[in-house]
Amino acid sequence: MAGIIEVQNLTKVFETKEGEVEALQDINLSIQAGDIYGIIGMSGAGKSTLVRCLNFLERPTEGTVEIEGRDLGAMTEMELRWQRSQIAMIFQHFNLLMQKNVIDNICFPLVIAGMKKKEARAKAEELLHIVGMEEKARAYPSQLSGGQKQRVAIARALAGSPKILLCDEATSALDPQTTQSILSLLKEINTKYGITIVIITHEMAVVREICSHVAIISKGHLVEQGRVFDIFSHPQTKEAKKLIIGGNEEANLNLESRQREQMKGKSCIRIVFSSNSSFEPVIANMVLKFGQPVNILKADTKNVEGIARGEMILQLPEDEQMQESMKEYLKERGLAVEEAEGYVD
Amino acid sequence: MWTKEIMMILLEGVGNTLYMTLVSTFFGYLLGLPMGITLAVTDKNGIRPNRIIYKILDVTANIVRSIPFLILLILIMPLTLLIVGKTYGPSATIVSLTFAAAPFIARMVESSINEVDKGVIEAAQSMGAGTFTIIWRVMLVEARTSILVGATIAIGTILGYSAMAGVIGGGGLGDIAIRYGYYRYQTDIMFATVILLVVLVQVFQTIGMKLSGRLDKRKR
Ligand SMILES: Nc1ncnc2c1ncn2[C@@H]1O[C@H](COP(=O)(O)OP(=O)(O)OP(=O)(O)O)[C@@H](O)[C@H]1O
Ligand SMILES: [Mg+2]
């Protein structure tokens, strides 16, 4: 099925004084209505450029972007502006009008769409309620915390009743707790109003928290995309593996190198729990059944799409026969099993 | 010495100076504001880059600003004659003051608008706002404090220029200072005019800063 957002062969080259910068190369994306689609990558990977191409704030050098089947590249300036009003956007630094109070900020997209001031205010009051900011209606942005500003920005984004919401690093300026609350708000908006959400981030935690799909971009190339579930279970590329297993944190890197030491020459497997299997004492049962201990090198339970999911790296007994039987046992219980040798790259 | 007559002259001088300053500032903004906005918008980093328009305004502003005011005053006398019918007196001075102030004002407006957070402009664009809407509802709103501060500076400068026009009989306090202080050696009158000029500048400065401070919602 054609998605609400279809990106084909998108390439973006910036002309600068130092020469050409290829920010994006041959990107293909298909985002279905109702998805929460994460786009993740390191700094400078081209994420912002990509999201800006989705509403043509940035014109692609090559390739097409279609929103609900309409090619943005073929639109007149007027049509494009109308289309943009249907695609809301929120930003890392909120980008509110500093000289206008909260309610006027939320009214802004309505007023530019030609709505009467009174009607716009009424609608804005409603939206304030949705984002839980009623009592701050007359405050100015400078009097709000980062999380509150982002809530106002979300209310403003919702004002135009958009079908799509683009978020460029919307939680990157916020602390972990505020990030959580903003993410839940986005999730709620997605389920309640069926708004398709595209989330740009450099944090895997954000993707894990609310995204249904994810695309990984690296140096302007889309290296992997699919359901968050699948990418988490079977990352194919080095970039994906790095983001999922290692994370970016130093602590993890240290842990990794220790593990690598431990795993040298031993038989290690990585197993992934899916659906509700992690709640069963699978490992304990296996140990009881085979009467042989296994070494748990790493265990990590994460919350993906609201389902508790986890992965473990196990070191199996020396006996090859036993190894095979154990792998068999785990597979029978619906776990994804793969060799972990040299995995932690 | 401080006869009623002289008091009347000084009072009239204050009146004329105020008249010249305020009216020239008004017309200066009438020309300079759109010019400054156009400069900011057509700049290569603006929301509607246009090299030709930008260059024309840029060069015009630079040329006018590099001509010393007294020379500009004389240069545009034919135009002044055409517009007000004479080349001396407060109304004539307003013409030259306006032309001298407009590019200066344009530059200040341009820089005020360039200070507006690019993110907010991008947000407006992402909502489908057109160029005019962005100018009117984003740039001028977000830059208003800075534009007001600019206006305060502009008024002070125009007031100073208006006094300079006294050299060629432009009217106002400057004119009085030259006529009495320079030609008749009545230095006390000259001092009085200088003090009055200082007070006027001070008053405008205070009002302008208070107003812009009150209008700025970024504080507190
Ligand atoms: N207007 C521009 N002119 C020239 N180069 C640009 C422009 N915008 C982006 N680039 C370049 O394109 C590349 C991708 O930039 P982009 O902002 O999309 O990265 P990003 O993934 O959003 O990074 P970050 O996580 O730091 O925000 C970078 O190399 C950047 O320097
Ligand atoms: Mg970015």
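What follows is a dialogue on the terms used for this predicted model and the values behind them.

Guide: In this predicted model, local features need pLDDT of at least 70 and side-chain atom pairs count only at pLDDT 80 or more, while totals for chains, interfaces and linings use all residues. Residues are numbered from 1 along each chain as its sequence is written, chains are lettered from A and ligands numbered from 1 in the order in which they are written, and side-chain values use heavy atoms, with hydrogens and water left out.

Visitor: What makes a residue of chain B or chain A part of the contact, and how many residues does the contact take from each?

Guide: Contact means heavy atoms within 4.5 Å. By that rule, chain A gives 24 residues and chain B gives 26 residues.

Visitor: What is the area buried between chain B and chain A?

Guide: Buried area is the accessible area (1.4 Å probe) that two parts lose on being put together, summed over both. Here the value is about 2100 Å², and carbon and sulfur atoms give 59% of it. Of the area that chain B buries against chain A, 29% comes from B:Ser126, B:Met127 and B:Lys217, more than from any other three residues.

Visitor: Why is the pair A:Arg52 and B:Glu122 called a salt bridge?

Guide: The term asks for a side-chain nitrogen of Lys or Arg within 4 Å of a carboxyl oxygen of Asp or Glu. A:Arg52 and B:Glu122 meet at 2.4 Å, N to O, so the pair qualifies. The count between chain B and chain A is one salt bridge.

Visitor: Which elements of chain B give two or more residues to the side that touches chain A?

Guide: They are helix H6 (118-126), helix H7 (131-142) and helix H8 (144-164) of chain B; helices (H or I, at least four residues) and strands (E, at least two) are DSSP runs, numbered from the N terminus. H6(B) gives the most, with seven residues. Chain B as a whole has ten helices and zero strands.

Visitor: What classes of residue make up the side of chain B that touches chain A?

Guide: There are eleven charged, eight nonpolar and seven polar residues. Ala, Val, Leu, Ile, Met, Phe, Trp, Tyr, Cys and Pro count as nonpolar, Asp, Glu, Lys and Arg as charged, and the others, Gly among them, as polar.

Visitor: How do you know that strand E9 of chain A pairs with E10(A)?

Guide: Two strands pair if DSSP finds at least two bridges between them. Six bridges join E9 (residues 213-218) to E10(A), so the two pair, and they run antiparallel. Among the partners, A:Val214 is bridged to A:Gly226. Both strands belong to an open sheet of six strands in chain A, with the order E6-E7-E8-E3-E9-E10 and mixed pairing.

Visitor: Why are strand E6 and strand E10 of chain A said to stand at the edges?

Guide: E6 (87-91) and E10 (221-227) each have a single partner strand, so one side of each is left without a neighbour in the sheet.

Visitor: Which strands form the open sheet of four strands in chain A?

Guide: The order is E2-E1-E4-E5, with antiparallel pairing. Nine bridges join E1 (residues 5-16) to E2(A), and A:Phe14 stands opposite A:Val21 in E2(A).
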